[in-house]
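Morning, everyone. Please look at the sequence and the model on the screen.

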Amino acid sequence: MFGSRDHLYIALQGGLMMLPSRVDVAENAAVLLRKLTTAHGPLMFHQSGGCCDGSSPMCYLAGEFRVGGSDVLLGELIVDNIADPIKVWISLPQFEYWKHTHITIDAIPGRGGGFSLESPEGMRFLIHSRLYSDEEWALLENATIITGA
């Protein structure tokens with residue numbers, strides 16, 4: 001398995017197959033991410049599943065939140081007019097719970113998590129999810145995961 005900026009691929013007998021994405025970004029979130037990137041620089045997300053804002057993806061400066069072996073890289077968001085991909089991490093226990101689910105990061109009016117960069121903007125990030133189809137899951141079920149170790 002290997003990746004490009006946009007896709008992960010898995011080698012199959014007779015060729016390569018693109019893996020379904022695990023995370024995408026909605027347009028409202030893309031607009032907010034462009035604003036935050038302009039103000040702060042490169043960004044990252046972490047979905048911890050902890051208390052308080054545990055169901056909200058937390059947006060940080062890239063590298064500000066230290067990831068390790070108990071964090072899984074869901075993917076990288078490619079957003080128009082943002083030079084660097086935005087890595088999206090999730091804690092391993094949350095990944096085990098959500099691994100059958102495609103996640104889309106969106107933004108809506110409201111107060112974000114206290115440590116998340118969007119808090120002062122009057123917006124908050126949230127996730128929409130859907131279960132993978134049987135065909136998508138067949139490709140992802142045994143795919144290698146990347147951890148922060």
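I'll cover confidence, then the two sheets, then the helix they share.

This is a predicted model: local features need pLDDT of at least 70, side-chain atom pairs count only at pLDDT 80 or more, and totals for chains, interfaces and linings use all residues. Residues are numbered from 1 along each chain as its sequence is written, and side-chain values use heavy atoms, without hydrogens and water.

Confidence comes first. pLDDT is the predictor's confidence in each residue, from 0 to 100. The protein chain averages 85, and 84% of its residues reach 70 or more. Over residues 1–13, pLDDT is below 50. Where pLDDT is low, the predicted coordinates should not be read in detail.

Now the elements. Helices (H or I, at least four residues) and strands (E, at least two) are DSSP runs, numbered from the N terminus. Two strands pair if DSSP finds at least two bridges between them.

One open sheet has 3 strands, ordered β4-β9-β10, with mixed pairing. Its edge strands are β4 (23–25) and β10 (123–131). β4 and β9 pair in the parallel sense over 3 bridges. Asp 24 has Thr 104 in β9 as its bridge partner.

Another open sheet has 4 strands: β6-β5-β8-β7, again mixed. β6 and β7 each have a single partner strand, so one side of each lacks a neighbour in the sheet. β5 and β8 pair in the parallel sense over 4 bridges. Phe 45 has Val 88 as its bridge partner in β8.

Finally, helix α1 (residues 27–40). Its mean pLDDT is the highest among the elements, at 97. α1 lies across β4, β9 and β10. α1 also packs on the 4-strand sheet, touching β5, β6, β7 and β8 (contact means heavy atoms within 4.5 Å).

Methods: Axes are lines fitted to C-alpha atoms, for helices over the stretch in contact, and angles run from 0 to 180 degrees between N-to-C directions.
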